[in-house]
Amino acid sequence: MTVIAVLAEPPRPGLVLSDLAATSPLSEEAVADLYAAMLKDICIAVERSGGDLLVNYLPDDQLPAEFVGDTSAEAEIRALVADALGGTEDVRFEPQVGSTFAARAGNTVTHLLEEEAGHSAAVVRPVVPQLGRTHIDSAAMKLRSTPVVLGPSTEGRVHFAGFRDPIDFTDAYDTPEVETLAERADEADLGLDYIPMLPVVETGADLATLVPVLRSRVASERVVPEHTTTFVFDHGLRVAETDGVLELVSD
């Protein structure tokens, strides 16, 4: 089994996806709701796959003081996952450890592979709503024969990073992520393979890429990430042409 570690933050306005709020018609509150929807969808995808779901939450003691509330980060994330899956009996929750995303990802992967003797481990962020069961299962199959499997995204980012052996994770997610991670795999003399490119949602441009795809799939009655798609339609998000320029708008 591949353990899929979803590195999640509590969906609080101003804490998550601040660049998206600054570059789209969405408020910080709406962006937090979108983050929660995407987190639900990625947990559903992992639960439906052959992988084991590990939710790595950012604990309160690593949050800026202004984002610490009456409800703990763990409790808030547990409630969202329970709502998505109908319970959390089969879900493992662990706090993130490390001062940067690369450190937290590296600590999780290294612990799973070396201290728990897992076969393979992967890191995803809840910003890739189109990552589905088939993508996760395909990556797990590739990890049977290849030590590192990456899912590339736009602008050199990654939506999935799977490992059968650890790499040097120091600054491993430096931009461009896909190139940096590939270099670290090469430095460790580890083979590398890929799964298909998928968009991540971190900016207004990213969301403008995703929205027409979801609307198209709904029109053609294809499978969509339920919670993210509901958010898109509830907020009337679409891409429209204004003075010859395509832009994301909200009805």
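Reader: So helices (H or I, at least four residues) and strands (E, at least two) are DSSP runs, numbered from the N terminus; where is the place of Ser 153?
Author: In this model, which is predicted, Ser 153 sits in the loop between β5, residues 148–152, and β6.

Reader: Is Ser 153 buried or exposed there?
Author: Ser 153 is buried, because its relative accessible area is 4%, and buried means under 20%.

Reader: Which residues does Ser 153 touch, leaving out those up to four places away in sequence?
Author: Ser 153 touches Val 158 and His 159, and also the run of Met 197, Leu 198, Pro 199 and Val 200.

Reader: How far apart are Ser 153 and Val 200, in sequence and in space?
Author: They are separated by 47 residues in sequence, while their C-alpha atoms are 6.5 Å apart in space. In addition, a polar atom of the Ser 153 side chain lies 3.2 Å from the backbone nitrogen of Val 200.

Reader: Let's step back to the sheet: how many strands form it, and in what order?
Author: Seven strands form an open sheet with mixed pairing, and their order is β3-β2-β1-β4-β6-β5-β7. Because β3 (92–95) and β7 (192–194) each have a single partner strand, they stand at the edges, and one side of each is left without a neighbour in the sheet. From one strand to the next, the twist averages 25°.

Reader: And β4, in which sense does it pair with β1, and in which with β6?
Author: With β1, the pairing of β4 is parallel and runs over five bridges; there, Ala 5 has Val 123 of β4 as its bridge partner. With β6, the pairing of β4 is antiparallel, over three bridges, and Ala 121 stands opposite Phe 163 in β6.

Reader: How many of the residues of β4 are buried?
Author: Five of the five residues in β4 are buried, and the strand is mostly covered. Both of its faces are covered, with Ser 120, Ala 122 and Val 124 buried on one side and Ala 121 and Val 123 buried on the other.

Reader: Which helix lies across β1, β2 and β4?
Author: That is helix α2, residues 28–48, which lies across β1, β2 (52–57) and β4 and runs at about 175° to β1.

Reader: Moving to other helices, at what angle do α7 and α8 cross?
Author: The axes of α7 (residues 204–219) and α8 (residues 226–234) come within 10 Å and cross at roughly 100°, so α7 is roughly perpendicular to α8.

Reader: Which residues meet there?
Author: From α7, Leu 210, Val 211, Leu 214, Arg 215 and Val 218 meet Thr 228, Thr 229, Val 232 and Phe 233 of α8. Sorted by class, that contact has six nonpolar, two polar and one charged residues.

Reader: What about the backbone, which peptide bond is cis?
Author: The bond from Thr 175 to Pro 176 is cis, with omega near -5°, and Pro 176 belongs to the loop between β6 (158–163) and α6 (177–187).

Reader: What is phi for Leu 17 and for Ala 117?
Author: Leu 17 is not a glycine, although its phi is positive, about 50°, and it lies in the loop between β1 (2–8) and α1 (18–22). Ala 117, also a residue other than glycine, has a positive phi near 55°, and its loop is the one between α4 (101–115) and β4 (120–124).

Reader: Which way does each go, buried or exposed?
Author: Leu 17 is buried, with a relative accessible area of 13%, whereas Ala 117 counts as exposed at 65% relative accessibility.

How values were computed: Residues are numbered from 1 along each chain as its sequence is written. This is a predicted model: local features need pLDDT of at least 70, side-chain atom pairs count only at pLDDT 80 or more; totals for chains, interfaces and linings use all residues. Side-chain values use heavy atoms; hydrogens and water are left out. Axes are lines fitted to C-alpha atoms, for helices over the stretch in contact, and angles run from 0 to 180 degrees between N-to-C directions. Angles under 35 degrees count as roughly parallel, over 145 as roughly antiparallel, 65 to 115 as roughly perpendicular and the rest as oblique. Contact means heavy atoms within 4.5 Å. Ala, Val, Leu, Ile, Met, Phe, Trp, Tyr, Cys and Pro count as nonpolar, Asp, Glu, Lys and Arg as charged, and the others, Gly among them, as polar. Buried means under 20% relative accessible area, exposed over 50%, partly exposed in between (1.4 Å probe, protein chains only). Two strands pair if DSSP finds at least two bridges between them. A polar contact is a pair of N or O atoms within 3.5 Å; within protein, one must be able to donate a hydrogen and the other to accept it, and residues adjacent in sequence count only if both atoms are side-chain atoms.
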